[in-house]
Amino acid sequence: MPPARWADLAIVGSGLASGEGISVAEAWRRHDSAMAAWREGRARSTGEGELDLLSLKRQLAYELTRRCRACALRCGARRVTGEAGICGARAPEDARLANVQVVAGEEAFLSPTIAIWLAGCPEQCVGCLYKPLISASRGVRFDSGRLASVLAKMAAGGEVTSLMALGGNPDVHLARWLDVLVALAQAGEVPLPFVWNANGQSTRRSLELLDGVVSVYLLDLKFRSEACAKANGAERLALRRVAQSSGRPRRRTSRSSFGCSYGPAMSTAALGLS
Ligand code: SF4
């Protein structure tokens, strides 16, 4: 299992003084420069009054939700003012914890993992097994520091190998995930590798923020059939226009989930067994 990379970033200087007022473009420039230094092994430790790189990533992730670009739908919801996006999520601080538990059924090298679900998903697939769990109105609001201490207790036995972010699509709540990692770092808890269990609907900016934080990306491929993928893409764009004009999130309808995902997946499994 790769090491917990996010813990490194919590002690790397960002070149930005805590509370320094700079433009978003300049904050990204400092981020990119600190990341380059970290990758090349010439990063400095955080200085007195300096923001660490993990906290700068968190700050930029909150910025992404101003006219939301946190996931590939880029629906532009003004989440910081409480407006809901297509995914149903509102302000990052209103994120809801849908479930947290130790799971032993993931890929062997990741198990057992502490799996954490935050509610809200842009996909709204008809056949989603988790829909009752992750619909945006479910779950409870949470304090990142308290969740961090619960996670630390769950990890205390030394048996779990990783922390796993799930959704829906965890990109929706990138800012809150970073909040939880910052809280874990500040508490000096044992750093567990962070696993991003997503559907690949990220943006370039969200991937740049995840860079250096995530140890393992675990991506679910939703559709094997090209026709289904195209149908979903077209529908998604139409949905985006409707949501932008009405300001209200809408549910996506989709082709039969059996024909588009379960059926092809079962055929593939059958090929493997024959
Ligand atoms: S669907 Fe949600 S996460 Fe994606 S851009 Fe819209 S508000 Fe942001």
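## A tour from the ligand outward

Start at the ligand. Its shell holds 15 residues, and those that come nearest are Cys-68, Cys-71, Cys-75, Gly-85 and Cys-87. Keep in mind that this is a predicted model. Colour the shell by residue class: 11 are nonpolar, 1 is polar and 3 are charged.

**Select Cys-87.** Cys-87 is one of the residues that come nearest to the ligand. Look for Cys-87 in the loop between helix H3 (53–64) and strand E3. Is Cys-87 buried or exposed? Cys-87 has 29 C-beta neighbours inside 10 Å, and 20 are enough to count as buried, so Cys-87 is buried.

Now show its contacts, leaving out neighbours within four places in sequence. Cys-87 touches Cys-71, Gly-120, Cys-121, Pro-122, Ala-136, Gly-168 and Val-172. Of these contacts, Cys-71 is also among the residues nearest the ligand. Draw a distance to Ala-136: the two C-alpha atoms are 7.3 Å apart, across 49 residues of chain.

**Step back to the whole protein.** Switch to cartoon. The protein has 9 helices and 8 strands. It runs to 274 residues, 38% of them buried. Which contacts span far along the chain? Take the contacts between residues at least 6 apart in sequence: 72% of them join residues at least 24 apart.

**Select strand E4, residues 113–118.** Here 5 of the 6 residues are buried, so the rest of the structure largely encloses the strand. E4 has a partner in strand E3 (residues 96–103): the pair runs antiparallel, joined by 6 bridges. To see the register, pick Gln-101 and find Ala-115 of E4 opposite.

E4 also pairs with strand E6 (residues 162–166). In what sense do E4 and E6 pair? The pairing is parallel, over 5 bridges. Select Thr-113, then its bridge partner Ser-162 in E6.

**Finish at Val-216.** Val-216 sits in strand E8 (residues 216–219). Its count is 17 other C-beta atoms within 10 Å. Buried needs 20 or more and exposed 12 or fewer, so Val-216 is partly exposed.

Display its contacts, again without neighbours within four places in sequence. Val-216 meets Pro-2, Leu-110, Pro-193 and Val-195. Last, draw a distance to Phe-194. The C-alpha atoms of Val-216 and Phe-194 are 6.8 Å apart, with their positions 22 residues apart along the chain.

Definitions and conventions. Residues are numbered from 1 along each chain as its sequence is written. This is a predicted model: local features need pLDDT of at least 70, side-chain atom pairs count only at pLDDT 80 or more; totals for chains, interfaces and linings use all residues. A residue is near a molecule or strand if its C-beta atom, placed from the backbone, lies within 6 Å of it. Ala, Val, Leu, Ile, Met, Phe, Trp, Tyr, Cys and Pro count as nonpolar, Asp, Glu, Lys and Arg as charged, and the others, Gly among them, as polar. Helices (H or I, at least four residues) and strands (E, at least two) are DSSP runs, numbered from the N terminus. Two residues are in contact if their C-beta atoms, placed from the backbone, lie within 7 Å. Two strands pair if DSSP finds at least two bridges between them.
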